[in-house]
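This report describes one molecular structure, moving from single residues to whole chains. The reader is invited to follow each residue in the display below.

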Amino acid sequence: MPASMDPGRPSMESFFSRYKNELVLMGVLFVQIVILASNVERDNPRAPAQGRVSLVRVWTVNLITPAERVFVSTGHFFRDTWRSYVDLRGAHAQNRQLQEEVNRLRTEQARLRENVSEVQRLRALLEFKERYVAQTVAAQVIGSNGSEQSRAFYIDKGKRDGMAQGMAVITPDGIVGKIKEVFALSSLVLVITDHDSGAGVILEKSRLRGVLRGTGLSEELALNDIMADEKIAPGELVITSGGDGIYPKGLSVGTVSFSVPDRDNPPFLSIRVKPAANLARLEEVLVVTKIAEQAPAAPPGSGGRVRAADILAQRLPTVPESDKPEAGAKKATTETAPR
Amino acid sequence: MSLTVSYTSREEIEVHKFNWAVSVGIPLLALFLQSFLPQKRFKFMEIFDLPLLVTIFFAVSRRRPIPGLLTGAIIGTLQDALVGGRYELKGILNLNGIAKTVIGYLASSVGVKLDVDNPGSRFLMTSGFYLLHQFIYTVIDLKLVVIGAHTLPGFGHILLAALCNGLLAVAVFAGLDRFKLRS
């Protein structure tokens, strides 16, 4: 039908042409809000988004992160070349210093070996199963999320390198975070200082357990769920408890910076922890790709499972070698102990 | 004696075009730098919002609302996809997308009415748009999404960031002016 024959059409056309820009704006915003809403819905605990990543995210990350990998690799090549072949000032003095350190550590190692042996015996006695880091993969930090609202960064290892969601990320100084999302060539690491991060921890001296939360600040973590009647001294070490299923037990987390009664959440303490790892200057990290769980083996010569009586017996004066029947009876008791 | 001041000269309402490689490459470069630099000993770069500056530049240069808002929508969505904010960690898109769509629309509208080639007006315009962007982002964050408790940056920090982005815009826009194709 010609436009002139439809009395409503000219006004409708003029409406659309007049408000074309505003209508397009509203249309685009509507589409984006629908997408936003669908994403928020995904975060519903009844339908967790764990493992689901938007296609546009995969495309963008795969487009940008290879360039970051090239930049980082090139930068490291020149830096390593400079450090390895040109900038060797002080290397000799440093070598001598390190050799002295090695000698000192060897002496210390001999002392600690004895302590470890005793701890192993006691753990075997109590049937503790210990989780330990069995395998790690070194990764380069190639980019941040570039935002002040969150604490996360990208590493140059992805699905092809065996990365998976939930793997712990550490440095020799302490824990860093966990892998949040995995792409083909890169992974997104959620740092422990992020609001959404958490870890089960133990205070090293007092042996109190708590839950560590990120505060969004790069140099501060919050430790919750510890009663106000406990005494927590600044400087006390905080280590992982292993109870969160992410971080193996005993990894360094940080040190207590201060502890005051929590006015908003009595009767608990408000404890702040300074991270052990330098989270603002990360270049290389270790991803824990395998955590093994096993009962610690008793030290060599202890004959497998050891009873408390056996440990006590070891502390008693040694039984003379000639007293063989008695020694034989003791051995039989150990082997027939109920398991 | 009367003095007449015109704020819409022929030069000011001139619509600029860009090579397709520039239209695609500059936003991607901004996204790359926004992601790459803060991690590499340039932590202070977090205060800048390079994708926002690029959105404003293209919007005021093209001076057409629909391309302006679409530029903001695409850049913002890609920023959410790559760098986002705290919600990108949960797979939530479009906080930046929505905010930059509005900014792209308004910037292109402003580009028709004001002299946006002057460094002073560029500084004021970008600082103002940064504040508006943060306002929109925060309103959506708090009123529409509302997931978990989190710390919002203080107003003083946002004001400082607005001034910093305004200053950077003067330099960046001057550099990007070279890519304009005059119609």
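The model is predicted. In chain A, the loop that joins strand 6 (198-203) to strand 7 (209-214) contains Arg207(A). The backbone of Arg207(A) has a phi angle near 60°, which is a positive value in a residue other than glycine. Is Arg207(A) buried or exposed? Arg207(A) counts as exposed because 8 C-beta neighbours lie inside 10 Å, and a residue is exposed when that count is 12 or fewer.

Chain B offers an arginine to set beside it, namely Arg63(B), located in the loop between helix 2 (50-62) and helix 3 (65-82). Phi of Arg63(B) is likewise positive, near 60°, in a residue other than glycine. Arg63(B), however, has 21 C-beta neighbours inside 10 Å and therefore counts as buried, the cut-off for burial being 20 or more.

The interior of the model can be considered next. The largest nonpolar core has 47 residues. Which of these residues touch the most other members? They are Val169(A), Ile175(A), Val176(A), Val189(A), Val253(A) and Val285(A). Apart from this core lies another, of 44 residues, and its members include Val61(A) as well as Leu31(B), Leu69(B) and Ile103(B).

Val253(A), one of the core residues named above, may serve as an example of how contacts are arranged. With neighbours within four places in sequence left aside, Val253(A) is in contact with several residues, among them Gly174(A), Ile175(A), Ala199(A) and Val201(A). Its partners also include Leu212(A), Val238(A), Ile239(A) and Thr240(A). Val273(A) and Ala276(A) are in contact with Val253(A) as well.

The two chains may now be viewed as wholes. Chain A has six helices and twelve strands, while chain B has six helices and two strands. In what order do the elements of chain B run from the N terminus? The order is β-α-α-α-α-α-α-β, with a strand at each end of the series and the helices between them.

The table lists burial and contact values for each chain. The last column refers to contacts between residues at least 6 apart in sequence, and gives the share that joins residues at least 24 apart.

| Chain | Length | Buried | Contacts joining residues at least 24 apart |
|---|---|---|---|
| Chain A | 339 residues | 27% of residues | 60% of contacts |
| Chain B | 183 residues | 46% of residues | 76% of contacts |

Technical notes:
Residues numbered from 1 in each chain as written. Chains lettered and ligands numbered in written order. Predicted model: local features only at pLDDT ≥ 70, side-chain atom pairs only at ≥ 80, totals over all residues. Helix = DSSP H or I, 4+ residues; strand = E, 2+ residues; numbered from the N terminus. Contact = placed C-beta atoms within 7 Å. Core = buried A, V, L, I, M, F, W, Y, C linked by C-beta atoms within 7 Å.
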